[in-house]
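I wanted to go through this entry slowly, beginning with one chain taken alone and then turning to how the two chains meet. My notes follow in the order in which I looked things up.

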Amino acid sequence: MTSLPRANILARVPEPRTGPDVTAMSDWSRVTRPIPVPNEWTKPFWEAAKRGVLALQRCQACKHFQHPPYATCVRCMATDLAFEPVSGAGTIYAYTIMYHAGDKRFAAAIPYASIIVEPDDAPGALLAANLLEAPYTEAKVGRRVEVVFQPLNDDFTLPQFRLARDTR
Amino acid sequence: MWEHRCKVAVSGVGFSRVTRSAEVPLAAHALEAVQGAVADSGLAVSDIDGLATYPELPATGHAVVDGITIVSVNCMMAMLKLSNLSWHVQVETVNIGGAVQQAVNALLAGVCRYAVVWRAMHNPKGTYQNLPGTYAQGPSQFTAPYGFGGPGQGMAVAYTRWLERHGQDREKMATLAVTQRRHSHKNPHAYFCGQPLTREDYLNSRMVAYPFCLYDCDIPVQGAVAIVLTTADRARDLRPRPAYIAGYGQRLAFEVAGRIGSLSSYMEGGRSSSRLTWERSGLSPKDVDVAQIYDGFSASVIYGLESYGFCKEGEALDFIQEGRMELDGELPLNTFGGSLSTGRIHGLWHIIEGALQASGRAGERQVEDVNVSFVGASAPIVQGTTFIFVKEPY
């Protein structure tokens, strides 16, 4: 097993509202996020996140990483799958800036960036997240990001992303 | 080429009134549309012996009540009491285009003679995507905690990737919204018929999920549309000129549920569906005289134009400029107004317009000299189907 990535665990308070463009910072302080309900395929992902580790499902036969987790390897059909840590570095594959809250509990954060991250170690795996600690206007396809961990409650921690240290 | 090309045709088409919210139960809209399609064919309701639909309510967090928020095959059977009924189906995948294709297959198999396909859509009170609960189950456990919910965001993320990878400008999409709205003024059934939309309206409208503004999204409505399908030889004896089905296809690619944002998945869905349609019909994009491409969200048209082969990847927003999608343009597009202007009734209206254009029955908005009429009936990845209608069987 490779060495575990450093756990960037955030305190359970929102990111400070400071930075280059405070007006473009999303206010997450009044957002109540839905709580994930793990199943047999996904439980290790959430257990790792709670420990501050980003772990993705990997085919033990062809070594392909995939996300979201699935019953079989979507590349080679093998069923021998296990969760392995990845570095937490990646790029923004795609994003949207939400101005309308389908889920009203997110209304206070509008506008906010929901991003899709492709991890360096797991090409093709696409993780949903929010861009934290930066104005939502900083979300751009191809920008470098790194994982941070945002505790949701005593049981769940969300992997999230912020701009990578060298690009902030 | 497909041995069954041009053996089945669309005959009559029917429309209900389209309202913003539910004033009568949805079953009344569905009945009105079905009766209209049957009458347009010159048939009696008792002649109908096949029924097919895709009844799903795409809104989440609302009760599903048959006859009020959906209209299932069972509901239609109960209303019509068809003494000759011999076949029916309710499809699960590939939306209403799948129901039309199943009806084609049933007619080719000889298990029914006159099939009706309808799509009825309800607009629930309150927020359309009432998302989600306190808990995020299944695939949404990886998306809902991040404020993702509803199909619009899934398509919006793929759209930013498309825009930024190809160095494109979302403002060019104004041409699609404005041109389709102008087309809809020649379609009396369209929700926005007669209500103008300018480029400035588009550019100044509120953002919903960047890059989508309000006018990139179709408007939820309550309404229904329907068609009568029959074999080509029977269709020739009916009142309307038939629109012959020269080929069809459905998307053959599917990614794991919950995977979100993948632009390549849209493209692969569209390529796989259209490849079947081109092969079966023996036709190619350059043969097409008019096209209807599903536009529940505007970016679907981009993925369609590119993955079906009408233009190269990255070029669709340039392709629709310079009058190319006008009624007298190189590729008249969404000539009935599209979902953006008719209201959200899914792809059966695109199929109807494709058939009307092929049979020369599109009235004021009829494109001149149409023989080959193409339809992409749903967003290419999730529920994509494609069709070609022709005026002259071959």
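I began with the make-up of chain A, and in this predicted model I find one helix and nine strands there. Reading along the sequence of chain A, I wrote the order down as β-α-β-β-β-β-β-β-β-β.

Next I looked up burial in chain A, where 45% of the 168 residues count as buried. I also looked at the contacts within chain A between residues at least 6 apart in sequence, and 58% of these join residues at least 24 apart.

I then turned to the contact between the chains and asked how many residues each chain brings to it. Chain B supplies 39 residues and chain A supplies 31 residues. On the side of chain B that touches chain A, the elements giving two or more residues are strand E5 (135–136), helix H4 (151–165) and strand E6 (207–210) of chain B. Of these I marked H4(B), which gives the most to that side, with eight residues. Sorting the side of chain B that touches chain A by class, I noted 19 nonpolar, 15 polar and five charged residues.

Last, I checked which strands pair across the two chains. Strand E5 of chain A, residues 89–98, pairs with E6(B) in the antiparallel sense, over two bridges. E6(B) is thus on my list twice, since this strand of chain B is also among the elements that give two or more residues to the side touching chain A. Within the pairing I looked for the partner of A:Met98, and A:Met98 stands opposite B:Ala209 in E6(B).

Terms used. Residues are numbered from 1 along each chain as its sequence is written. Chains are lettered from A and ligands numbered from 1 in the order in which they are written. This is a predicted model: local features need pLDDT of at least 70, side-chain atom pairs count only at pLDDT 80 or more; totals for chains, interfaces and linings use all residues. Two residues are in contact if their C-beta atoms, placed from the backbone, lie within 7 Å. Helices (H or I, at least four residues) and strands (E, at least two) are DSSP runs, numbered from the N terminus. Ala, Val, Leu, Ile, Met, Phe, Trp, Tyr, Cys and Pro count as nonpolar, Asp, Glu, Lys and Arg as charged, and the others, Gly among them, as polar. Two strands pair if DSSP finds at least two bridges between them. A residue is buried if 20 or more other C-beta atoms lie within 10 Å of its own, exposed if 12 or fewer, and partly exposed in between; C-beta atoms are placed from the backbone.
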